[in-house]
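Hi,

Here is the structure I said I'd pass on. Have a look at it first, and then read on for my notes.

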Amino acid sequence: MKTLVIYTHPNHESLNHAFLQKTLQGMKENPHMQEVRVLDLYAEDFNPALVFNKEKKRRDLHLEPELEKYRQQILWADKIVFIYPIWWGRPPAMLLGYIDRLFATNFAYRDIGKTMPEGLLKGKSVVCISTMQGPPLYTLYWLYNAHKVLMRKALFQYVGIKKVKFFEFGSMEKKNGKQAEKLDKIYRYFKTLAS
């Protein structure tokens, strides 16, 4: 299994970074994980701004030379793991900008004249690990599960990815937020994940 881990948090002393380390530790101890690559969007200084105009057409975004290495990372991976905080009920702007720029027509999907396009990233699977300050059920009951709907339906299913697993950890800024227990859960999940 070839795995791409996309980490999106500006602070390498954060709980999100601890989740990244536990993810990598579990993967390292898993014989099914053949190869693992990490993309740290902030360390990479990724430019999340989507730009198109008269000279730069949106339909041609899949040809942007500066994004070629990122496209190749996605094509290479069997599994994509996203690690990010939930800010204002959604992933960080950095990650959303990465999605805006990378998951472009004729790369991630193709219009075929029907209601839904043809997803071009079929066969891949995704794991989303997210943290938030609010209580665990906040996004479910207060925001009507907007985060999962956004990621699962508006993005992954649209581009053909059907296998999506979520770990949403709430109350992460509380002293009794069971952070160690949740870090261990992620470690054990990736250590025992079968291909």
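Below is what I found, going from the strands to the helices and then to two loop residues.

Bear in mind that this is a predicted model.

Let's start with strand E6, residues 125-131. Seven of its seven residues are buried, so E6 is largely enclosed by the rest of the structure. Its side chains go two ways: Ser-125, Val-127, Ile-129 and Thr-131 point to one side, while Val-126, Cys-128 and Ser-130 point to the other, and all of them are buried. E6 also has parallel partners. One is strand E3 (residues 79-85), paired with E6 over seven bridges, and there Ile-80 has Val-126 as its bridge partner. Another is strand E7 (residues 163-169), again parallel and again with seven bridges. If you want a spot to zoom in on, Ile-129 sits opposite Phe-167 of E7.

Now the helices. H1 (residues 15-28) packs against H6 (residues 179-192) at an angle of about 30 degrees, and their axes are 7 Å apart. An angle under 35 degrees counts as roughly parallel, so that is how H1 runs relative to H6. The crossing is right-handed. On the H1 side the contact is made by Leu-15, Ala-18, Phe-19, Lys-22, Thr-23, Gln-25, Gly-26 and Met-27, and on the H6 side by Gln-179, Lys-182, Leu-183, Ile-186, Tyr-187, Phe-190 and Lys-191. By type, the residues of this contact split into eight nonpolar, four polar and three charged.

Leu-155 is worth a click too. This residue belongs to helix H5 (residues 146-157) and counts as buried because its relative accessibility is 8%, against a cut-off of 20%. Leaving out residues up to four places away in sequence, Leu-155 touches Ile-99, Phe-103 and Leu-150. Its C-alpha atom is 9.8 Å from that of Ala-108, which is 47 residues away along the chain.

Finally, the backbone. Most residues other than glycine have a negative phi, so what about the ones with a positive value? Asp-45 has phi near 55 degrees. Asp-45 is in the loop between strand E2 (35-40) and helix H2 (68-76), and at 65% relative accessibility it counts as exposed. Trp-88 also has a positive phi, near 55 degrees. Its loop is the one between E3 and helix H3 (93-102), and Trp-88 counts as exposed as well, with a relative accessibility of 84%.

Cheers

How values were computed: Residues numbered from 1 in each chain as written. Predicted model: local features only at pLDDT ≥ 70, side-chain atom pairs only at ≥ 80, totals over all residues. Heavy atoms only, no water. Helix = DSSP H or I, 4+ residues; strand = E, 2+ residues; numbered from the N terminus. Buried < 20%, exposed > 50% of the residue type's maximum accessible area, 1.4 Å probe, protein only. Contact = heavy atoms within 4.5 Å. Pairing = 2+ DSSP bridges. Axes fitted to C-alpha atoms, helices over the stretch in contact; angles between N-to-C directions. Parallel < 35°, antiparallel > 145°, perpendicular 65-115°, else oblique. Left-handed = near helix turned anticlockwise from the far one by under 90°. Nonpolar A, V, L, I, M, F, W, Y, C, P; charged D, E, K, R; others polar.
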